[in-house]
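Let's walk through a structure together, one feature at a time. A learner asks, a teacher answers.

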Amino acid sequence: MHHHIYASDPKAHLFSIKASLTNAAPQQIFSLPAWLPGSYMIRDFAKNIIDIQFYDEQQNALYFEQLDKQTWRVNNQGACITICYQVYAWDLSVRTAHLDTNHGFFNGSSVFLAAKGLEHLPQRVTIAPPAEEALSEWKLATSMNRTSGEQFGFGEFEASNYQDLIDHPVEMGDLTIDTFMAAGVPHDIVLSGKHRACMARLKKDLTAICEYQIQLFGPPAPFERYVFMTTVLDNGFGGLEHKSSTALMCSRNDLPKSETAEVSKGYRTYLSLCSHEYFHSWNVKRIKPAEFTPFDLSQESYTQQLWAYEGITSYFDDFLTYRSGCVDKQSYLTLLSETMTRVYRGKGRFKQSLTSSSFNAWTKFYKQDENVANAIVSYYTKGALFALYLDLTIRLETQGVKSLDNVMQQLWQQYGLTEIGTDKTSHQRIVESILNRPCDDLFSYLYNTQDLPLAPLLEQVGVQLSFRSSQGMTDTGGDSVNGYDIGFGAKYKVEGIGLKILTVAQDSPAHQSGLSAGDVLIAADNLQVTAKFEQLLQDYSVGEQVELHWFRRDELMKGLLPVKSAEKDTAVLTIIDEQKAAIWLD
């Protein structure tokens, strides 16, 4: 199948696609995916298709019938079918498609139709430049195999099959491009958007991270070229993995401004994001659950194993920024403390297991509401803590000879290179082979809702895990500061008058007062509430009550806020024995 795509009207956010099939069935079915790998929610990409038409070899219109929201059946007399349609591209994310006069971006799953029964055949793609003279200097970046055109220019490309076709996102626009080598493999850094990033610093740090990961799994790298594509915004964050590239979003201030500047919190987060998506090149793109071999992109594909693919990756992403030398030891412990804090602040961890979190990603995780912290646990964050639990256990029981690295290496050899999907016992069997004992005691934490026994393991490697109270909305954990003595238990944003409640923690003072998400808190003890409300609560004593007034929609409501001690749910990690810590951190 040969797909032609170009930015036909950037001002209206329209891509135009013309696809031709030369070996069509008499009643050929075409479809667009409902979701894309790595983002586990039905997204109904076909909703953005406009005016789809089908023609025969003589350009006569063919009769077709739409079978469902994303599938069409075409009646034809010959073997050749041409399909013409437009795609509305106005989703500024890493998942679908976006087009304006600043840049264009698309995932193939958003724009390229699949011909049923022929998905295994090679696919050709022609990507033409936009017609507007003002956009004549646009460049194009993708990891798809190029067959014509200059490097970073428009031209023709090929993919081995439909699954391969939709695994190479495309970025176009006024791009900043640089290249570095890691383990002999070229890696491109592509930035879209206004920025003042120091490319030399980016190359240096990403080289260290990429080389470390390639050596961890064992060379050679599983790709001949890799592309980091980042859309730079005033405020943004996100990433999606692909076999030989990643689509990222970051805030402008996250990028480094010089080669020698200290690693800022934003840059630290960006490096972890790059590390996360790069690790996925092995862990989920090639080592993957049996349920994903192959993907069924027409409907949900359920698995209990996302804890292993997102959780383990979330453990290694921060850890490898430290091990590769990009961040220091304390910065890494701060990152890990922040992950712990996100888990321990949620009451949902007592209600949902990691396997349930994985299985219900399609609804509970990807369709979060204001009650999410009270109802679910993240397979990313608690999955990362479970990976830490396994790593420390393996290191301690083998006196530092083995680690979670060895588990990943065996997974790569047994499942990644062989393209065999893992089942729900694969990881346990490998850990048991390393520890030479049954490991039901360890893996039971995948199925129950108990807190992981991390503190005693960390103490054995010379690290103390302690908890303090939060210091307010911006406190993400990690720092040894004095938190508030009095708790509130709600997240909010400052409004013109008062505070709009965003979430309410179960059993918190805010919950007991009657506040709910969406309420606008306007007064406390007959005084107007401001951004300093939590600070003012510190003037009260435990056992007192504060009279609150708030609006719920247009109704004035009131309630009594019980003054209680703040929960100690903010994690702090401190090295107490450098010699013991060497088994993990050196």
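**Reading the model, starting with helix 12**

The buried residues of helix 12 are Ser-426, His-427, Gln-428, Ile-430, Val-431, Ile-434 and Leu-435.

Q: Before we go on, what kind of model is this?
A: This is a predicted model, where local features need pLDDT of at least 70, side-chain atom pairs count only at pLDDT 80 or more, and totals for chains, interfaces and linings use all residues. Residues are numbered from 1 along each chain as its sequence is written, and side-chain values use heavy atoms, with hydrogens and water left out.

Q: How should I read "buried" and "helix", and is helix 12 enclosed or open?
A: Buried means under 20% relative accessible area, exposed means over 50%, and partly exposed is in between (1.4 Å probe, protein chains only). Helices (H or I, at least four residues) and strands (E, at least two) are DSSP runs, numbered from the N terminus. Here, seven of the 10 residues of helix 12 (residues 426–435) are buried, so helix 12 is largely enclosed by the rest of the structure.

Q: What covers the buried residues of helix 12?
A: Think in contacts, meaning heavy atoms within 4.5 Å. The cover includes helix 5, helix 10 (381–397), helix 11 (404–416) and helix 13 (440–443).

Q: Can we zoom in on a residue of helix 5: what does Phe-319 touch?
A: Phe-319 sits in helix 5 (residues 306–323) and is buried, at 0% relative accessibility. Setting aside neighbours within four places in sequence, Phe-319 contacts Tyr-332, Asp-391, Arg-395, Trp-584 and Leu-585.

Q: And for a strand, where does Val-190 lie?
A: Val-190 belongs to strand 17 (residues 185–192), and its relative accessible area of 1% makes it buried. Not counting residues up to four places away in sequence, Val-190 touches several residues, among them Ala-141, Leu-175, Val-227 and Phe-228.

Q: Now the whole chain: how many helices and strands are there?
A: The protein has 17 helices and 28 strands. Its radius of gyration is 26 Å, close to the 25 Å that the globule rule gives for 586 residues, so the protein is as compact as a globular protein of that length. That radius is taken over C-alpha atoms, and the rule is 2.2 Å times the number of residues to the power 0.38. Of the 586 residues, 56% count as buried.

Q: How many disulfides does the protein have?
A: A disulfide is a pair of cysteine sulfur atoms within 2.5 Å. By this rule the count is zero. Take Cys-250: the nearest cysteine sulfur, that of Cys-274, is 8.0 Å away. Cys-250 is also buried, at 1% relative accessibility.

Q: What should I know about backbone angles and peptide bonds?
A: Most residues other than glycine have a negative phi, and most peptide bonds are trans. Now for some cases that go the other way. Phe-152 is not a glycine, yet has a positive phi of about 65°; Phe-152 lies in the loop between strand 13 (145–148) and strand 14 (155–159). Asn-526 also has a positive phi, about 65°.

Q: Are Phe-152 and Asn-526 buried or exposed?
A: Phe-152 is buried, with a relative accessible area of 14%, whereas Asn-526 is exposed, at 61%.

Q: Which residues does a cis peptide bond join?
A: One cis bond joins Pro-219 and Pro-220, with omega about 5°, and Pro-220 is in the loop between helix 3 (199–217) and strand 18 (226–233). Another joins Thr-293 and Pro-294, with omega about 0°; Pro-294 lies in the loop between helix 4 (265–279) and helix 5.
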